[in-house]
Amino acid sequence: MQQFIAFVLLLACAALPALASPGYYLVSTYDKAGEATIDFKFWSFKSPEYPAVFAPEIGFGYGVTSRWYTELTLSWLHLADSGTRSDGLLWQNDYLLTQGQYPFDLALHTNIKKYYDGAPRAASAYFGNAHSYELEFGPVLQTELGRTQFNANIFFTRSYRTTVASPMQAVYQWQIKHRWRPAFAFGLQGFGELGKWDHWAPRSEQSHRIGPAIFSSLPMAGGRAMTIEAAFLAGSLYAEHGQTFTMRAQYAF
């Protein structure tokens, strides 16, 4: 049980030394001025040796200007031995630095997460501090070739107010998305954790996941729209092999 708790804490993005929060949802660049969104997300991870871990999230986003998008998200974590608990509050901000003057779009992404006291008691006992924060920031790159969109992001993350030192880590995201029909697209996604930003971990200690993704956009009355995406990724999460499923449904109005 102790090994299982430690593994779950890694998946819960807790502040262990030399680790960064794993990525599950790709960050992209769009002009969403004046658009509000309700954003439901869900990820799960299953390895051959441990029970599945589930994490639902719900957020509210808004396009403040043509360059600035902000979103607040509440997250939960479901553990096999303790049920569903509050995990934390996230504040994401994406700011477009370019708007069509180059063959690519560039944005600056930031995300701040505050972990709740409602996290599993084991987390508080293990780290000695249930009030930690995590900062994630970095560039978001996006370009298109015909009907195919390419994304590549490199983020830097660090946890604060942790029991042990938490050096800054490097993580990455990428995506290839082909718009096959107006309401349907398909592609590939990849995520990974590399270790310390200035001295990557050995290959055996890095994390790399890749898999197919599908996307759908459904226009609704009154200018509203529903977008849905899902991905099934296989690979490693902190040297633990398994499968990750992610799903996101966003209602824009």
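This is a short tour of aromatic rings and the charges over them in a predicted model.

Begin with the aromatic side chains: the structure holds 8 aromatic pairs. Select Phe-137 and Phe-156, which form one of these pairs. The ring centres are 5.8 Å apart and the planes meet at 40°, a tilted arrangement. Colour by secondary structure and the pair can be seen to link distant parts of the chain. Phe-137 belongs to strand β6 (residues 133-145) and Phe-156 to strand β7 (residues 148-160), with their positions 19 residues apart in the numbering. Turn on the surface next. Phe-137 is partly exposed, at 29% relative accessibility, and Phe-156 is also partly exposed, with a relative accessible area of 21%.

Move to Tyr-251 and Phe-253. Here the planes lie at 25° and the ring centres are 5.6 Å apart, so the pair is stacked; the cut-off for stacking is under 30 degrees. Tyr-251 has a relative accessible area of 22% and is partly exposed. Phe-253 counts as partly exposed too, at 41%.

Now select Tyr-24, Tyr-25 and Trp-43 together. Ring pairs join these residues into a cluster. Keep Tyr-25 in view and add Lys-41: the charged end of Lys-41 sits over the ring of Tyr-25, 5.3 Å from the ring centre. Tyr-25 therefore takes part in the ring cluster and also has a lysine charge over its ring.

Finish at Tyr-69 with Lys-32. The charged end of Lys-32 sits over the Tyr-69 ring, at 4.8 Å from its centre.

How values were computed. Residues numbered from 1 in each chain as written. Predicted model: local features only at pLDDT ≥ 70, side-chain atom pairs only at ≥ 80, totals over all residues. Heavy atoms only, no water. Phe/Tyr/Trp six-rings, centres within 6.5 Å; stacked < 30°, edge-to-face > 60°. Helix = DSSP H or I, 4+ residues; strand = E, 2+ residues; numbered from the N terminus. Buried < 20%, exposed > 50% of the residue type's maximum accessible area, 1.4 Å probe, protein only. Lys NZ or Arg CZ within 6 Å of the ring centre and 35° of its normal.
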